[in-house]
2 protein chains.
Amino acid sequence: MSESPYLLIKRSIADGIATRRYLPGQVLPSEPALCRTFGVARMTVNRAMRELAAEQLVRRVPGVGTFVAEPVAESSLVELRNIADEIAERGHRHSATVFVLAAVTPDDEQRAIFGIAEGPLFHSAILHCENEIPIQFEDRFVAPSVAPDYLQQDFSRMTPSEYLLRVAPVQEVRHDVQAAATPTGIARHLDDKICLLVTRLTWSGGRLATLTRLYYPGGRFRLTERFVPK
Amino acid sequence: MSESPYLLIKRSIADGIATRRYLPGQVLPSEPALCRTFGVARMTVNRAMRELAAEQLVRRVPGVGTFVAEPVAESSLVELRNIADEIAERGHRHSATVFVLAAVTPDDEQRAIFGIAEGPLFHSAILHCENEIPIQFEDRFVAPSVAPDYLQQDFSRMTPSEYLLRVAPVQEVRHDVQAAATPTGIARHLDDKICLLVTRLTWSGGRLATLTRLYYPGGRFRLTERFVPK
DNA sequence: CAGTGGTCTAGACCACTGT
DNA sequence: CAGTGGTCTAGACCACTGC
């Protein structure tokens with residue numbers, strides 16, 4: 001399956017980038033060099049490198065060489081994706097730091113939008129990093145009824161998205177995107193004065209299940225959608 | 001530059017699909033057949049078809065053949081909307097000011113992404129207002145081949161989106177959203193230091209048709225998507 | 001100048017499908 | 001079985017860059 005030479009070469013390079021054996025901006029071995037290393041024809045090496053370039057993992061400059069690309073994070077608006085999966089698909093390492101994980105007493109506005117008369121809400125605040133670089137600050141409120149064991153999870157090992165997608169079937173999602181000045185306190189983590197703020201509401205069982213504010217560094221992050229019009 | 005055989009073959013097939021000369025599900029000529037038609041080696045045809053498959057324009061089945069892909073019309077959430085319509089639906093008044101409408105000589109990067117060897121690009125810069133309040137600054141580049149009469153239109157009466165949707169059937173759209181500091185010059189019009197920058201690429205006939213940068217005032221604007229997960 | 005990537009050729013072998 | 005796509009080879013020519 002995956003033992004075609006061009007795939008082996010692709011993975012070898014991709015792994016080297018993921019493990020930071022090759023650092024952004026660094027020159028990669030030339031095509032003739034890779035031919036010798038892997039004992040294959042140049043067309044085989046070329047295909048591997050061409051595909052890596054198409055996937056934005058490397059940047060090729062004719063007459064100069066092939067370089068490890070600066071990582072440009074990317075995400076989707078129309079899908080509920082687990083950020084750990086997205087990062088893994090880019091061949092990078094995900095890590096999470098949990099700042100808050102507790103029950104809170106909702107204010108009137110929260111009570112209204114969650115449609116609850118009384119009782120607590122669960123609150124979590126987590127910083128997600130891609131290769132140790134902060135990429136998303138996640139501020140989340142969860143209705144206890146949809147995930148009673150929310151506070152017992154270890155969210156440095158499994159993201160809230162992953163957990164919630166398992167225990168609470170999402171019926172409807174609403175995303176709201178705006179550009180904003182990064183709130184002080186979050187700016188400290190994201191290291192960017194401007195942020196992309198995605199507010200995500202999910203409904204489960206007819207009731208609002210989660211309210212999440214996702215803060216992305218404005219300069220380092222992109223939301224991408226690709227679609228075919230009807 | 002764009003006359004490499006594999007690109008010619010790619011475009012020939014992509015055009016055939018765009019113009020519905022090849023219909024979804026239909027079998028395309030086999031690789032040996034295309035070799036004879038274009039007088040090239042099989043590797044050249046193979047690369048063209050492999051890239052079309054990667055772009056989801058065709059579906060390849062080993063041992064069977066290559067077929068025109070069924071267009072996977074995705075969610076109505078991400079839509080190509082005409083801003084004038086959106087404003088009208090809110091019961092507000094739309095107005096547009098045209099700042100630029102001219103042919104320009106593309107730089108190397110633009111030439112590369114539009115895949116054109118020579119000739120001009122059309123450029124327009126338009127400010128859209130909702131009830132006289134600036135809501136979107138639209139900076140647009142259009143390939144002349146998809147809209148030869150672009151420069152003759154009165155875009156204070158009809159938006160470029162509306163015009164282009166009429167004359168150039170869009171095959172694919174890619175949206176890229178980021179938060180950014182409003183470029184000086186545009187900040188003057190939008191009256192906001194932070195903006196939501198939506199970069200929209202559209203493809204028609206297998207070629208990049210338009211590159212549009214939509215600048216929205218960060219504080220006054222929200223992008224909203226609502227959808228039901230699969 | 002030697003080195004780089006971009007592209008192409010004319011063969012080849014393979015696994016797979018439909019008949 | 002003949003036909004399909006998936007992959008590979010060992011050469012080749014070109015335009016480009018840096019020295």
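Colleague: At what angle do the axes of helix H1 and helix H3 of chain B cross?

Modeller: Bear in mind that this is a predicted model: local features need pLDDT of at least 70, side-chain atom pairs count only at pLDDT 80 or more, and totals for chains, interfaces and linings use all residues. Residues are numbered from 1 along each chain as its sequence is written, chains are lettered from A and ligands numbered from 1 in the order written, and side-chain values use heavy atoms, without hydrogens or water. Helices (H or I, at least four residues) and strands (E, at least two) are DSSP runs numbered from the N terminus, and axes are lines fitted to C-alpha atoms, for helices over the stretch in contact, with angles from 0 to 180 degrees between N-to-C directions. For H1(B), residues 5-18, and H3(B), residues 42-54, the axes come within 8 Å and cross at roughly 45°.

Colleague: And what do you call H1(B) and H3(B) relative to each other?

Modeller: Under 35 degrees is roughly parallel, over 145 roughly antiparallel, 65 to 115 roughly perpendicular, and the rest oblique. The axes cross at roughly 45°. That's why H1(B) and H3(B) count as oblique.

Colleague: Which residues of H3(B) make the contact with H1(B)?

Modeller: Contact means heavy atoms within 4.5 Å. From H1(B) come Pro5(B), Tyr6(B), Ile9(B), Lys10(B), Ile13(B) and Ala14(B). Facing them from H3(B) are Thr44(B), Val45(B), Arg47(B), Ala48(B), Met49(B), Glu51(B) and Leu52(B).

Colleague: Over to the DNA: which element gives the most to the surface near strand C?

Modeller: A residue is near a strand if one of its heavy atoms lies within 4 Å of it. Strand C has 25 residues around it, with Arg42(A), Met43(A), Arg60(A), Pro5(B) and Thr44(B) coming nearest. The top contributor, with four residues, is H3(B).

Colleague: How far is the polar side-chain atom of Arg60(A) from a phosphate oxygen of DNA strand C?

Modeller: A polar contact is a pair of N or O atoms within 3.5 Å; within protein, one must be able to donate a hydrogen and the other to accept it, and residues adjacent in sequence count only if both atoms are side-chain atoms. Thr66(A) reaches a phosphate oxygen of strand C through its side chain at 3.1 Å. For Arg60(A), the distance is 2.8 Å.

Colleague: Which element gives the most to the surface near DNA strand D?

Modeller: The closest residues to strand D are Pro5(A), Ala41(A), Thr44(A), Arg42(B) and Met43(B). A backbone N or O atom of Pro5(A) sits 2.6 Å from a phosphate oxygen there. With four residues, the biggest giver is H3(A).
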